[in-house]
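Work through the exercises below with the sequence and the 3D view side by side, and try each task before reading its solution.

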Amino acid sequence: MRTKESNMLAQQALDDLDAIMRTENGRRFIYAILESTEVETAVFSSDPYFNAFLSGKRAVGVDLLKNIRMLNDGHSLEMLMRNEAESARHPPDLEDDDLFKVDNDIAEVRHE
């Protein structure tokens, strides 16, 4: 059974995580941790010591993800974090209208 003090510490840790996840920098930092723990990857090695290392590393990420999902709107924050990470990896393509606008801007500069 948890004591009142350990409950307060657990709640403080969740509050801290919530504050971190509410900033773009914080979400980027947490995403980097999740990536480094290979939380989305099944881990296995025939070497029992390395397998224990991989499992422990992944367990850190699984626990962090569990705590994110425990936040009031944790699933939304997780989706936002993943979308931002994906957008950073693959910038959106320019639309045809944007290309036309760029061409016009270049043409205007050349005529000046």
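**Exercise 1.** Find how many aromatic pairs this predicted model holds, and decide whether the rings are stacked, edge-to-face or tilted.

*Solution.* The structure holds 1 aromatic pair, and its partners are Phe50 and Phe53. A pair of rings is described by the distance of the centres and the angle of the planes. For Phe50 and Phe53 the centres are 5.9 Å apart and the planes differ by 20 degrees; because planes under 30 degrees apart count as stacked, this pair is stacked. Both residues belong to helix 3, where they are 3 residues apart, about one turn of the helix.

**Exercise 2.** Determine whether Phe50 and Phe53 are buried, partly exposed or exposed.

*Solution.* Phe50 has a relative accessible area of 41%, and Phe53 has one of 47%. Because partly exposed lies between under 20% and over 50%, Phe50 is partly exposed, and so is Phe53.

**Exercise 3.** Describe how helix 2 passes helix 3, and name the residues that meet.

*Solution.* Begin with the axes, which come within 8 Å and cross at roughly 145 degrees, in a left-handed crossing. Next, from helix 2, Ile30, Ile33, Leu34 and Ser36 meet Lys57, Gly61, Leu64, Leu65 and Ile68 of helix 3. Sorted by class, this contact has 6 nonpolar, 2 polar and 1 charged residues.

**Exercise 4.** Identify the residues with the most contacts inside the largest nonpolar core.

*Solution.* This core has 14 residues, and those with the most contacts inside it are Leu17, Met21, Ile30, Leu34 and Ile68. Two or more residues come from each of helix 1 (4-21), helix 2 (24-36), helix 3 (48-70) and helix 4 (74-89).

Key:
Residues are numbered from 1 along each chain as its sequence is written. This is a predicted model: local features need pLDDT of at least 70, side-chain atom pairs count only at pLDDT 80 or more; totals for chains, interfaces and linings use all residues. Side-chain values use heavy atoms; hydrogens and water are left out. A nonpolar core is a set of buried Ala, Val, Leu, Ile, Met, Phe, Trp, Tyr and Cys residues joined through side-chain atoms within 4.5 Å. Buried means under 20% relative accessible area, exposed over 50%, partly exposed in between (1.4 Å probe, protein chains only). Helices (H or I, at least four residues) and strands (E, at least two) are DSSP runs, numbered from the N terminus. Axes are lines fitted to C-alpha atoms, for helices over the stretch in contact, and angles run from 0 to 180 degrees between N-to-C directions. A crossing is left-handed if the near helix is turned anticlockwise from the far one by less than a right angle, and right-handed if clockwise. Contact means heavy atoms within 4.5 Å. Ala, Val, Leu, Ile, Met, Phe, Trp, Tyr, Cys and Pro count as nonpolar, Asp, Glu, Lys and Arg as charged, and the others, Gly among them, as polar. Rings of Phe, Tyr and Trp (its six-membered ring) pair if their centres lie within 6.5 Å; planes under 30 degrees apart count as stacked, over 60 as edge-to-face and the rest as tilted.
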